[in-house]
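Q: Got a minute to go through the charged pairs in this one? Pull it up and I'll fire away.

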Amino acid sequence: MGILDSKVPKGPLAAKWTQHKNDINLVNPANKRNIDIIVVGTGLAGGSAAATLAELGYNVKTFCYQDSPRRAHSIAAQGGINAAKNYQGDGDSAYRLFYDTIKGGDYRSREANVYRLAEESANIIDQCVAQGVPFAREYGGLLDNRSFGGVLVSRTFYAKGQTGQQLLLGAYSAMNRQINRGKIQSFNRHEMMDMVLVDGKARGIIARDLVTGKIERHSAHAVVLATGGYGNVFFLSTNAMGSNVMAAWRAHRRGAFFANPCFTQIHPTCIPVSGDHQSKLTLMSESLRNDGRIWVPKRKDDAIAIREGKLKPIQLKEEDRDYYLERRYPAFGNLVPRDVASRAAKERCDAGFGVNKTGEAVYLDFASAIQRYGEEEALTHGIKNADDKEITRLGKKVIEAKYGNLFQMYEKIVDENPYETPMMIYPAVHYTMGGLWVDYNLQTTIEGCYCAGEANFSDHGANRLGASALMQGLADGYFVLPYTIGDYLSKDIRTGAIPTDSPEFDAAEKAVQDRLDKLMAGSGQHSVDFYHKKLGKIMWDKCGMARNAEHLQEAIDEISALRADFWANVKIPGKADGMNQELEKAGRVADFLELGELFAKDALTRNESCGGHFREEYQTAEGEALRDDENFKFVSAWEYKGEPKDAVLHKEELNYENIELKTRSYK
């Protein structure tokens with residue numbers, strides 16, 4: 001305790017960010033031309049940061065492991081992006097967005113960061129509209145909004161079911177403009193292998209060209225990590241298979257504290273697991289909960305009959321269905337936050353009411369919405385005495401306009417028509433709220449190393465509300481980092497170019513080469529995926545939607561043993577000095593094997609339930625999360641000391657001066 005300085009400015013909450021921008025140091029435009037910045041990761045946070053920093057005049061190098069920034073996982077964020085613009089006139093405001101986010105995160109996020117996020121949210125929409133992002137519009141031409149879980153207003157801007165894709169194209173086009181100007185050097189198919197520190201400051205990275213296998217040195221005055229989350233530690237998740245923790249973890253090994261690793265979001269609306277052959281899971285957007293009603297049969301006999309194929313869901317009468325979210329949470333109904341909806345689905349399935357063959361699925365039903373929209377459309381178009389067939393046809397057209405691509409995706413994967421038969425969904429790992437600890441300026445505990453977007457821990461607490469990931473990534477990249485990094489770089493205007501032939505670069509490159517050699521020296525008994533799947537099963541069974549002390553301790557021991565076996569017996573075909581995707585995966589899984597143990601250790605030390613962290617020992621009589629504000633109102637920030645079991649815990653106390661801590665209730 002005590003060594004973490006959040007650098008939150010003093011003063012009234014609503015004035016902190018403005019005052020901070022007025023107070024911090026700036027870099028003269030002529031001097032920006034002499035300063036180099038490395039940005040690792042080119043999704044929404046990294047792409048927007050790189051474009052903005054280059055626009056300001058800095059020399060930027062970007063790195064991504066994909067063949068193009070357009071392949072970043074941000075593209076998969078389908079539902080929308082929050083912004084407190086109150087277009088619906090339903091009482092929204094920056095404070096209300098701030099309040100919803102703090103409450104949704106179960107009071108485990110930093111007040112000042114969240115308020116700044118709410119303030120900047122409105123600017124993001126203006127920025128993206130100016131870039132040409134095709135947000136959905138109402139009949140009158142204004143931007144349309146819809147609702148996501150955990151809120152009572154409509155503040156989510158969307159582009160059909162492709163919001164992340166369209167926002168990424170906006171950021172990518174801004175990046176391309178700077179590449180064309182020569183202000184951004186883009187290194188695709190490159191992976192950061194290590195961070196180089198000179199006199200305690202981040203001064204560059206060691207990267208590997210994934211096509212040639214060549215190890216490269218790159219220097220800069222500051223390094224920005226915007227490399228996303230680590231949900232793939234579970235093997236099965238909604239993340240792209242390439243999403244990894246390598247850059248953040250290698251920075252952690254060099255001194256960046258890792259915060260709240262056990263805060264993982266389980267998303268309630270994913271296509272259920274169908275078998276051991278799968279390598280990833282598919283998310284159906286949370287936006288579907290605007291219109292879809294979630295239910296399971298009231299009677300176990302009916303659930304069994306459905307699982308055995310003897311009964312179809314559409315044959316079950318309305319009174320025989322249990323709309324359990326509407327029953328348990330009448331105020332929010334199907335729009336409760338993700339952690340609440342996920343646990344409720346698990347509870348019903350654990351009780352024997354699951355509806356697919358494995359008993360791990362619930363229904364998401366659009367029949368009511370089709371009927372409601374159809375009747376509206378019939379009235380709107382002056383169709384009198386429309387029959388059921390006509391109403392259904394009109395209703396389906398409305399649903400198709402809102403969610404058509406999502407329905408099409410579901411049908412292709414499951415081979416069932418969701419317009420006719422309710423979708424089957426089940427919770428799956430989706431997002432990680434933990435990440436590198438950063439201060440108010442987004443600087444890690446390594447001077448000159450910044451972290452943005454999902455890769456840091458800062459804005460979502462123990463649970464992220466839907467449509468807030470895109471908001472944080474773009475707020476960090478477009479509006480926060482470009483200001484705060486200038487304060488640090490203002491001290492570097494006389495430094496000159498950072499040489500790459502220093503002893504620090506020599507040592508870092510040698511460490512990378514030694515690690516690659518060690519990986520290639522495994523005895524060859526098991527594939528990389530063999531270990532990744534084993535790790536994922538341990539994580540899901542013992543660190544997943546529900547955890548307890550006994551299982552967490554078992555997980556720590558089992559992961560430690562699995563890691564030792566991995567380094568002795570992994571099989572990596574091919575050579576290190578060329579393209580070798582198994583070697584790439586092996587490096588990432590090696591990091592997951594360390595992170596997974598720290599994850600379990602962090603969960604074990606937090607003797608409470610909050611948001612995505614649910615300890616079975618700490619729950620109310622109704623099965624809700626039981627938080628302990630007296631003893632756990634802090635950020636866990638772990639310092640690397642070699643083995644994960646030796647990591648040292650530092651705490652940043654969270655102070656709530658503008659909001660009253662309450663038990664979360666969505667009833």
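Q: What does Glu318 form a salt bridge with?
A: Arg293, in this predicted model. The closest N and O atoms are 3.5 Å apart. A salt bridge here is a side-chain nitrogen of Lys or Arg within 4 Å of a carboxyl oxygen of Asp or Glu.

Q: Where do Glu318 and Arg293 sit?
A: Glu318 is in the loop between helix 8 (300–307) and strand 13 (321–322). Arg293 is in strand 12 (residues 293–297). They are 25 residues apart, so the pair links distant parts of the chain. Helices (H or I, at least four residues) and strands (E, at least two) are DSSP runs, numbered from the N terminus.Q: How many salt bridges does the structure hold?
A: 55.

Q: Which residue pairs with Lys542?
A: Glu554, at 3.0 Å, N to O. Glu554 lies in helix 16 (residues 549–569) and Lys542 in helix 15 (residues 528–543), so the bridge ties together parts twelve residues apart in sequence.

Q: Is Lys542 buried or exposed?
A: Lys542 counts as buried, because its relative accessibility is 15%. Buried means under 20% relative accessible area, exposed over 50%, partly exposed in between (1.4 Å probe, protein chains only). Glu554 is partly exposed, at 27%.

Q: Switching to helix 12. What does Arg393 pair with?
A: Glu390, with the closest N and O atoms 2.9 Å apart. Both lie in helix 12, three residues apart, about one turn of the helix.

Q: Any caveats on the numbers?
A: Local features need pLDDT of at least 70, side-chain atom pairs count only at pLDDT 80 or more, and totals for chains, interfaces and linings use all residues. Residues are numbered from 1 along each chain as its sequence is written, and side-chain values use heavy atoms, leaving out hydrogens and water.
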